[in-house]
Amino acid sequence: MSSSSSPGFDLRGAVDGLRQAFGSPSTTVGSPEAADGGDIRAAILLELSDEPMHGYQIIRAVEARSDGAWKPTPGAVYPALQVLVDEGLISAAQVGERKIYALTDAGRRAAAESVASARSEPTSEPQQPAGQGLHGALALTKSGARLAQVMTQVAQTGDPGQSERAIAVVDEARRKLYAILAEE
């Protein structure tokens, strides 16, 4: 823990609590992910089904497909690429200074199966109201992330009075969100 943290404040615990409160993101193909714990394999197969790419193109494509909600790190993408090569699902070819990855026949079948199962499997997530869709869910998640950032700032730099007021605001927001869910 850094020396700038408030005594007794557990940032990791607070972030874990937020993850539990907001729930884990879906790991279906093409879905946004909050962290690299998502289904990076399926995302890579999906992106390579469009065209062969190098690693950073894959990262940018996943980020673009998720409207910026998930940007996998090179530390997650490159090991996954190597595993997929080892499994024979993708091939790697050196083109100039870059390694370009492409689906093999087995990889195309695996990508198609991933997309088909993602479309047919029900998720544990509540259905979005008509018109809300993925965009509304992403906007809410991004708003929650911004809230978590400012909560961390208050916890680290705020005085006890500011922390108490912030707790009251967050508790009130939580109650109001539950009230929204209770509406018919």
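What share of the 184 residues in the protein chain is buried? Buried residues make up 24% of the chain. The structure is a predicted model, and the mean pLDDT of the protein chain is 75, with 67% of its residues reaching 70 or more.

**Confidence and overall layout**

Two stretches have pLDDT below 50. Over residues 1-7 the pLDDT is below 50, and this stretch has 6 contacts in the model beyond near neighbours in sequence. Residues 18-37 also have pLDDT below 50, and here the model has 43 contacts beyond near neighbours in sequence.

The secondary structure of the protein chain consists of 7 helices and 2 strands. Read from the N terminus, the elements follow the order α-α-α-α-β-β-α-α-α. Of the contacts between residues at least 6 apart in sequence, 53% join residues at least 24 apart.

**Helix H2 and its two packing partners**

Helix H2 spans residues 40-50 and is mostly covered, with 8 of its 11 residues buried. The buried residues of H2 are Ile40, Ala42, Ala43, Ile44, Leu45, Leu46, Glu47 and Leu48.

Two packed helices are described by the angle between their axes and the distance between the axes. The axes of H2 and helix H3 (residues 55-65) come within 10 Å and cross at roughly 100°. Angles of 65 to 115 degrees count as roughly perpendicular, so H2 is roughly perpendicular to H3. On the H2 side this contact is made by Ala43, Ile44, Leu46, Glu47, Leu48 and Asp50, and on the H3 side by Ile58, Ala61, Val62 and Arg65. By class, the residues of the contact divide into 7 nonpolar, no polar and 3 charged.

H2 also packs against H4. Their axes come within 10 Å and cross at roughly 75°, which makes H2 roughly perpendicular to H4 as well. In this contact, Ile40, Arg41, Ile44 and Leu45 of H2 meet Ala76, Val77, Ala80, Leu81, Val83 and Leu84 of H4. The contact of H2 with H4 has 9 nonpolar, no polar and 1 charged residues. Ile44 is named in the contact with H3 and again in the contact with H4.

**The nonpolar core**

The largest nonpolar core has 21 residues. Those with the most contacts inside the core are Ile44, Leu45, Leu48, Ile58, Val77, Leu81 and Ile90. H2, H3, helix H4 (74-86), strand E2 (98-103) and helix H5 (105-120) each supply at least two residues. H2 gives the most to this core, with 5 residues.

Val77 is one of the residues with the most contacts inside the core. Leaving out residues up to four places away in sequence, Val77 touches Ile40, Ile44, Gly55, Ile58, Ile59 and Pro72.

**Individual residues**

The table gives the location and relative accessibility of four residues.

| Residue | Location | Relative accessibility | Class |
|---|---|---|---|
| His54 | loop between H2 and H3 | 10% | buried |
| Asp67 | loop between H3 and H4 | 48% | partly exposed |
| Ala92 | strand E1 (residues 90-95) | 38% | partly exposed |
| Ala166 | helix H7 (residues 160-182) | 24% | partly exposed |

His54 counts as buried because its relative accessible area is 10%, and buried means under 20%. Not counting residues up to four places away in sequence, His54 touches Arg60, Arg98, Lys99, Ile100 and Tyr101.

Ala92 is in contact with Val85, Lys99, Ile100 and Tyr101, leaving aside its neighbours within four places in sequence. Lys99, Ile100 and Tyr101 are thus named among the contacts of Ala92 and among those of His54. Ala92 and Leu81 are 11 residues apart in sequence, and their C-alpha atoms lie 8.9 Å apart in space.

What is notable about the phi of Asp67, a residue other than glycine? Phi of Asp67 is near 55°, a positive value. Asp67 lies in the loop between H3 and H4 and is partly exposed, with a relative accessible area of 48%.

Where is Ala166 found? Ala166 belongs to helix H7 and, at 24% relative accessibility, counts as partly exposed. The C-alpha atoms of Ala166 and Ala155 are separated by 8.9 Å, and the two residues are 11 residues apart along the chain.

Terms used
Residues are numbered from 1 along each chain as its sequence is written. This is a predicted model: local features need pLDDT of at least 70, side-chain atom pairs count only at pLDDT 80 or more; totals for chains, interfaces and linings use all residues. Side-chain values use heavy atoms; hydrogens and water are left out. Axes are lines fitted to C-alpha atoms, for helices over the stretch in contact, and angles run from 0 to 180 degrees between N-to-C directions. Helices (H or I, at least four residues) and strands (E, at least two) are DSSP runs, numbered from the N terminus. Angles under 35 degrees count as roughly parallel, over 145 as roughly antiparallel, 65 to 115 as roughly perpendicular and the rest as oblique. Contact means heavy atoms within 4.5 Å. Ala, Val, Leu, Ile, Met, Phe, Trp, Tyr, Cys and Pro count as nonpolar, Asp, Glu, Lys and Arg as charged, and the others, Gly among them, as polar. pLDDT is the predictor's confidence in each residue, from 0 to 100. A nonpolar core is a set of buried Ala, Val, Leu, Ile, Met, Phe, Trp, Tyr and Cys residues joined through side-chain atoms within 4.5 Å. Buried means under 20% relative accessible area, exposed over 50%, partly exposed in between (1.4 Å probe, protein chains only).
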